[in-house]
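Colleague: I am new to this structure and would like a close look at one part of it. Please take me through it slowly, with each term explained.

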Amino acid sequence: MGSRAFGLATDGSDTDVRGVFLAPTALFWRFEKPPTHVEGPAPEQFSWELERFCSLALRANPNILECLHSPLVEHVDDTGRELLSLRGAFLSLRAHDTFARYALGQRKKLEADVRTHGAPRWKHAMHLLRLLTSARDLLRTGALTIGVGEQREPLLAVKRGEVSWEEVERRMVRLAAETDEAAVRSPLPPEPDHARVEDFLVRVRRTSALGDSAGDR
């Protein structure tokens, strides 16, 4: 994830790795449930249990949807391949609200930095512009694109502080308006396909339970 997935990596960029794991079904039969997420083992690594990941994706959580659509996949098994094949089932007009709220929160932080320090954190400003562009294009096309493509150099110029805050603000306002306009005519459905995702999760849990039972015999 992060700059490497977005196509914005430079020599000093971290390698952010995100994953999804399946907790054995039998663990859910105990009073103490398995974790919904795990940090590590290495720095910049974080993983979600499958059900938690699907739940957040159905709510159009921006970070989760971007993880699900990352073009860089280091490891995937059969369950992971089926999850990836369901990417479209998670997309809906809910993304308009969740991406917009997330972007507004980030913009307020940038504005606070400008008031306090005279300038924003330019890396965060770059990523906010990227997020707004991604949201607009998702609502326009119905597909979530992670790589920034031809926008790489203009965005890196923002990161380097070569673009004025006033110009960055103008771009944010324009992108937010274009996102709102795109939502009106978006090809995305009003809601994600809950039934399809739940069917996948139930089948995976059942397969895990049967496998555990066979191993006990």
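Leaving aside its neighbours within four places in sequence, which residues is threonine 98 in contact with?

Modeller: This is a predicted model, in which local features need pLDDT of at least 70 and side-chain atom pairs count only at pLDDT 80 or more, while totals for chains, interfaces and linings use all residues. Residues are numbered from 1 along each chain as its sequence is written, and side-chain values use heavy atoms, with hydrogens and water left out.

Threonine 98 belongs to helix H6 (residues 94–117), where helices are DSSP runs of H or I with at least four residues, numbered from the N terminus. Leaving aside its neighbours within four places in sequence, threonine 98 is in contact with Arg59, Ala60 and Pro62, contact meaning heavy atoms within 4.5 Å. With a relative accessible area of 11%, threonine 98 is buried, because buried means under 20% relative accessible area (1.4 Å probe, protein chains only).

Of these partners, alanine 60 has its backbone oxygen 2.6 Å from a polar atom of the threonine 98 side chain. Alanine 60 itself comes just after H2 and takes a positive phi of about 65°.

Helix H2 spans residues 50–58, and its buried residues include Leu50, Phe53 and Cys54. At the N-terminal end of H2, glutamate 49 acts as a cap, with a side-chain oxygen 2.9 Å from the backbone nitrogen of glutamate 51. Leucine 83, again leaving aside neighbours within four places in sequence, is in contact with residues including Leu50, Phe53 and Cys54.

Terms used:
Buried < 20%, exposed > 50% of the residue type's maximum accessible area, 1.4 Å probe, protein only. Helix = DSSP H or I, 4+ residues; strand = E, 2+ residues; numbered from the N terminus. Polar contact = N/O pair within 3.5 Å; in protein donor to acceptor, adjacent residues only side chain to side chain.
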